[in-house]
Amino acid sequence: MRKIIFVTGNKGKFSEVKEILAAKDIEVIQNSDGYPELQENELEPIAAYGAKWVAEKLGMPVMVDDSGLFIKALNGFPGPYSAFVEENLGNKRVLKLMEDEEDRTATFKSVIGYCEPDGEPLTFTGIVEGNIAFEELGTGGFGYDPIFDYNGKTFGELGDEFKNTVSHRRKALDKFLEWLE
Ligand code: IMP
């Protein structure tokens, strides 16, 4: 069985990636040590830098996942600042910002960064389109899942099993797997 080290402190990301890759006979091992996160407007350079930094530090091939929620009416906010906003404002404050907005379209984006020691980092991007709900709904998933409406139900309501078939993370991992093979 192939093994891969996934550097993340985020339990939700880890359990999704573990589940998706288990179906492909890949064992995912979590490493929570972290890495420096660049301040960039795009997720790709953040994931690439993180993957290279850890691959060099550990001397092993590693993957990372940098992701975020991009809300159209808020010009892409919180985007690369999604973790900070989630921790310091939370879903209710994001809903407040969206109170008077008619255009509720939003995109979840996940960038998988992969790097081997002495190699150059590669990135694989996946997106899923949805709408910002009017209230938090459902208890599944993590982070923004209860406010991300996918075809009439939030990821929080739809639960991980379904989310893992359509999510931004699933799409990014599919591209990564295609490359691995
Ligand atoms: P980062 O990738 O560590 O910069 O953090 C991204 C942040 O976006 C996380 O802390 C979560 O709050 C949020 N996030 C990323 N992916 C998802 C997802 O699949 N569902 C809900 N929230 C997510």
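**D145 and the helices around it**

Let's start with D145. In this predicted model, D145 touches E16, F108, G140, T154, F155, G156 and K163, leaving aside residues up to four places away in sequence. Where does D145 sit? It is found in the loop between β5, residues 122-132, and β6, residues 148-150. Buried or exposed? D145 has 1% relative accessibility, and the cut-off for buried is under 20%, so D145 counts as buried.

Next, α5. This helix covers residues 155-166. Three contacts of D145 are F155, G156 and K163, and those residues are among the buried ones of α5. G159, N164 and V166 of α5 are buried too. What covers them? The cover for the buried residues of α5 includes α1, β4, β5, β6, β7 and α6. Now look at the span. A straight helix of twelve residues would span 16 Å at 1.5 Å a residue. Helix α5 spans only 10 Å between its end C-alpha atoms.

Two of those covering elements, α1 and α6, also pack against each other. Helix α1 is residues 11-22, and α6 is residues 168-180. Their axes are 11 Å apart, at an angle of about 45 degrees. That angle makes α1 oblique to α6. The crossing is right-handed.

Which residues make the contact? From α1, they are K13, E16, V17, I20 and L21. From α6, they are R169, R170, L173 and L177. By class, that contact has five nonpolar, four charged and no polar residues.

Back to E16, then. E16 is part of the α1 contact with α6, and E16 also touches D145.

Methods: Residues numbered from 1 in each chain as written. Predicted model: local features only at pLDDT ≥ 70, side-chain atom pairs only at ≥ 80, totals over all residues. Heavy atoms only, no water. Helix = DSSP H or I, 4+ residues; strand = E, 2+ residues; numbered from the N terminus. Buried < 20%, exposed > 50% of the residue type's maximum accessible area, 1.4 Å probe, protein only. Contact = heavy atoms within 4.5 Å. Axes fitted to C-alpha atoms, helices over the stretch in contact; angles between N-to-C directions. Parallel < 35°, antiparallel > 145°, perpendicular 65-115°, else oblique. Left-handed = near helix turned anticlockwise from the far one by under 90°. Nonpolar A, V, L, I, M, F, W, Y, C, P; charged D, E, K, R; others polar. Expected span 1.5 Å × (residues − 1).
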